[in-house]
Amino acid sequence: MKILHIGQVIGGLDVYIRNIIAHSDDKVEFVIVKGDQDNSPPIVRNNIPIKEYKIRLYRSVNPFKDLTGLTQILKIIKKESPDAIHCHSAKGGFLGRIAGYLTRTKTFYTPHAFSFLADEPGLKQKTFLYLEKAVIFNSKLLACSNSELKLGIDVVGYEGKNALVWSNSVPDVSGFSQETAPVDGPYICYVGRPSFQKNSFFLLEVIKKTVVKHPNLRFYMIGVGFHSPDLDELEDAIKKNKLENHFILLPWLSQFETFRYVKHSLFYLTVSRYEGLPLSVLEALSLGKAIVASDVFGNVDCVDHGVNGYLLPLQVDVFAEKIGELVVDSVKLQMFEQNSRNKFLNEFHIDKQIGLLNDIYANNND
């Protein structure tokens with residue numbers, strides 16, 4: 001069985017595809033179609049690089065470049081004759097579904113958070129929703145969470161028979177060597193880039209309120225660098241509010257360094273406006289961390305309120321209160337930590353879940 005992945009293979013999608021390939025049966029062959037500006041290193045399995053093609057695949061909308069990219073995809077499909085296409089995110093999903101329809105190839109689409117969620121309600125959001133609907137064609141939605149599945153059926157318009165779910169899953173990273181903390185003193189982690197989705201200015205307000213009562217507490221935002229449209233403005237706001245010692249931005253780190261920061265943090269925090277199913281939260285579950293999260297798509301699939309953390313409305317006072325509560329309540333924190341670890345082992349361990357994905361690839365025929 002040959003699977004053709006199409007998408008901008010950077011950031012979270014890079015991790016997602018690497019995990020799938022590394023844990024799939026060797027009988028499953030993979031080919032990757034990625035953007036010619038994607039800087040992710042080649043994926044290697046059994047000491048052999050996975051075949052990849054670089055094409056004109058960019059985040060921004062450009063009819064000429066997009067048509068060129070589609071033409072390149074069609075040529076690759078003709079050459080490789082995959083059993084199925086698995087296309088990802090906004091641009092890869094848009095072009096991949098068109099290509100799957102034109103070539104009559106079985107096509108799965110994983111949004112990793114639908115594109116129309118990336119803007120405030122208005123014309124732009126309506127346009128992206130229209131585009132999502134326009135290219136459903138013969139594709140099957142392969143949602144990465146139950147909340148994404150529901151959105152795909154209720155809002156985008158996928159029929160139930162063509163809507164599937166394979167929850168994002170990750171390896172157990174608890175075995176990484178993490179004996180020493182990267183910094184001294186108490187701190188909290190959030191993996192994300194300054195952007196509308198990650199809600200970084202709301203985070204700043206939460207930090208500003210929290211450190212009044214907990215002046216020794218620091219917050220690390222990890223992964224700044226890949227397409228961070230709000231970075232300059234956020235840096236200015238941090239300086240303006242004199243939060244340089246409390247709100248620290250870190251670049252994209254190695255997996256080892258990221259896990260080390262998360263492992264030794266008090267707990268994991270996310271204030272995002274929406275998610276597909278966040279890999280960083282799943283990795284935090286694997287590391288046995290309590291989660292304080294916004295009550296939004298994606299987060300609701302991996303946090304049980306009052307069991308392994310908190311799901312909270314996007315209100316500054318509420319977040320500051322619950323963060324402060326966990327900083328001082330070690331008994332509740334330890335209970336949340338154990339429940340997070342159990343939830344990971346039961347629901348999101350990729351070794352237990354990968355067989356379900358390969359069954360979906362093989363058995364869902366048009």
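**A tour from the cavity to strand β7**

The largest cavity in this predicted model has a volume of about 40 Å³, where a cavity is a set of points on a 1 Å grid over the protein atoms alone at which a 1.4 Å probe fits but cannot get out, and a volume is the space filled by probe spheres set on the points. Residues are numbered from 1 along each chain as its sequence is written. Local features need pLDDT of at least 70, while totals for linings use all residues.

Select Ile188, Cys189, Tyr190, Leu203, Phe219, Tyr220, Met221, Phe247 and Leu269, which line this cavity, lining residues being those with an atom within 4 Å of a point. The elements that give two or more residues to this lining are β10 (187–191) and β11 (218–224), strands here being DSSP runs of E of at least two residues and helices runs of H or I of at least four.

Next, select strand β7 (residues 107–110), from which Thr107 and Tyr109 point one way and Phe108 and Thr110 the other, all of them buried, that is, under 20% relative accessible area with a 1.4 Å probe, protein chains only.

Add strand β6 (residues 84–88), which pairs with β7 in the parallel sense over four bridges, pairing requiring at least two DSSP bridges; here His88 stands opposite Thr110. Then show strand β8 (residues 140–143), which pairs with β7 in the parallel sense over two bridges, with Leu141 as the bridge partner of Tyr109. To finish, follow the chain from β7 through helix α4 (residues 123–134) to β8, a right-handed β-α-β crossover, meaning that the path runs clockwise from the first strand over the helix to the second when the strands point away from the viewer.

Notes:
This is a predicted model: local features need pLDDT of at least 70, side-chain atom pairs count only at pLDDT 80 or more; totals for chains, interfaces and linings use all residues. Side-chain values use heavy atoms; hydrogens and water are left out. Buried means under 20% relative accessible area, exposed over 50%, partly exposed in between (1.4 Å probe, protein chains only). On a 1 Å grid over the protein atoms alone, a cavity is a set of points where a 1.4 Å probe fits but cannot get out, and a pocket is an open set with protein on both sides within 12 Å along at least five of seven lines; lining residues have an atom within 4 Å of a point.
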